[in-house]
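Please follow the chain through its sheets first, and then through the side-chain contacts that accompany them. The walk below goes from backbone pairing to rings, charges and surface.

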Amino acid sequence: MNKKIIFSILLFISAYCSQAQLYVTTGETITVSTAGDLVLQEALNNNGTINDLTINGSNALNINGTGTIINLLFNKPSGTATGIGGMQSITGVYTPTSGTLAADGYFTFKSSASGTARIAAGTGSYITGNITVERYIPAKASRRFSFITS
């Protein structure tokens, strides 16, 4: 069955279920054609890749799995979103507009040769708990020392 049809059915079901959750399996990618079109208000189990995810609503939300979120807009005026397991890698922009993401050591802001994850200026409380920040350092042609600090 076509993946788009399955995803559409899941979104339709989640619109009518109070406890619907989004599961992204290993190796799968969800690409959102317009930023902000994928809005999550319930639990997320991400083991794949999601591009342009918006988390909102007022209920508590758990985030689990070992996956990648390219851009994350966080707009939760109440309730919390809490990392509970695995490791979510953010490779694009995290934009807090309302509320706080309780990272609890389950989020990494990644850097690569093509770009560096960042936290955009916003109005939210940003992040509580520990996060990992990685910085890409290109290989040097000759041996030289590098001074690295936080």
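In this model, which is predicted, an open sheet of 6 strands has the order 1-4-7-10-13-18, and its pairing is parallel. Strand 1 (22-24) and strand 18 stand at the edges of this sheet, and because each has a single partner strand, one side of each is left without a neighbour in the sheet. From one strand to the next, the twist averages 20 degrees. At the strand 1 edge, 3 bridges join strand 1 to strand 4 (residues 44-46), and these two run parallel; within this pairing, Tyr23 stands opposite Asn45 in strand 4.

An open sheet of 5 strands, with the order 3-6-9-12-17, is likewise described by parallel pairing. Its edges are strand 3 (38-40) and strand 17 (118-119), each of which has a single partner strand, so that one side of each is left without a neighbour in the sheet. Strand 3 is joined by 3 bridges to strand 6 (residues 53-56), and the two run parallel, with Thr54 in strand 6 as the bridge partner of Val39. As a general point, strands of a sheet pair through backbone hydrogen bonds, either parallel or antiparallel.

The 5-strand sheet, whose order includes strands 9 and 12, also leads to the aromatic side chains, since the structure holds 2 aromatic pairs. The rings of Phe74 and Tyr94 have their centres 6.3 Å apart and their planes at 50 degrees, and the pair is therefore tilted. This pair links distant parts of the chain, with Phe74 in strand 9 (residues 72-75) and Tyr94 in strand 12 (residues 93-98), 20 residues apart. The rings of Tyr94 and Phe109 also have their centres 6.3 Å apart, but their planes stand at 75 degrees, which is why this pair counts as edge-to-face. Because Tyr94 lies in strand 12 and Phe109 in strand 14, the second pair ties together parts that are 15 residues apart in sequence. Ring pairs thus link Phe74, Tyr94 and Phe109 into a cluster.

How buried or exposed are Phe74 and Tyr94? Both Phe74 and Tyr94 are buried, and for Tyr94 the assignment rests on a relative accessibility of 0%. Phe109, at 4% relative accessibility, counts as buried too, because the term covers residues under 20% relative accessible area.

Turning to charged side chains, a search of the whole structure finds 1 salt bridge. It is formed by Glu134 with Lys110, whose closest N and O atoms are 3.4 Å apart. The pair links distant parts of the chain, Glu134 being in the segment after strand 19 (132-133) and Lys110 in the loop between strand 14 (107-109) and strand 15 (111-112), 24 residues apart. Glu134 counts as partly exposed at 33% relative accessibility, and Lys110 is partly exposed as well, with a relative accessible area of 28%.

The surface also carries nonpolar side chains: Ile119, Tyr126, Ile131 and Val133 form a nonpolar patch there, with about 320 Å² of accessible area together. Tyr126 brings the account back to the 6-strand sheet, for this residue is found in strand 18 (residues 126-128), which stands at an edge of that sheet. With a relative accessible area of 30%, Tyr126 is partly exposed.

Conventions
Residues numbered from 1 in each chain as written. Predicted model: local features only at pLDDT ≥ 70, side-chain atom pairs only at ≥ 80, totals over all residues. Heavy atoms only, no water. Patch = residues over 30% accessible without salt bridge, like charges linked within 9 Å, V, L, I, M, F, W, Y side chains within 5 Å. Areas by Shrake-Rupley, 256 points an atom, 1.4 Å probe, with all protein chains shown as cover. Salt bridge = Lys/Arg side-chain N within 4 Å of Asp/Glu carboxyl O. Helix = DSSP H or I, 4+ residues; strand = E, 2+ residues; numbered from the N terminus. Buried < 20%, exposed > 50% of the residue type's maximum accessible area, 1.4 Å probe, protein only. Pairing = 2+ DSSP bridges. Axes fitted to C-alpha atoms, helices over the stretch in contact; angles between N-to-C directions. Phe/Tyr/Trp six-rings, centres within 6.5 Å; stacked < 30°, edge-to-face > 60°.
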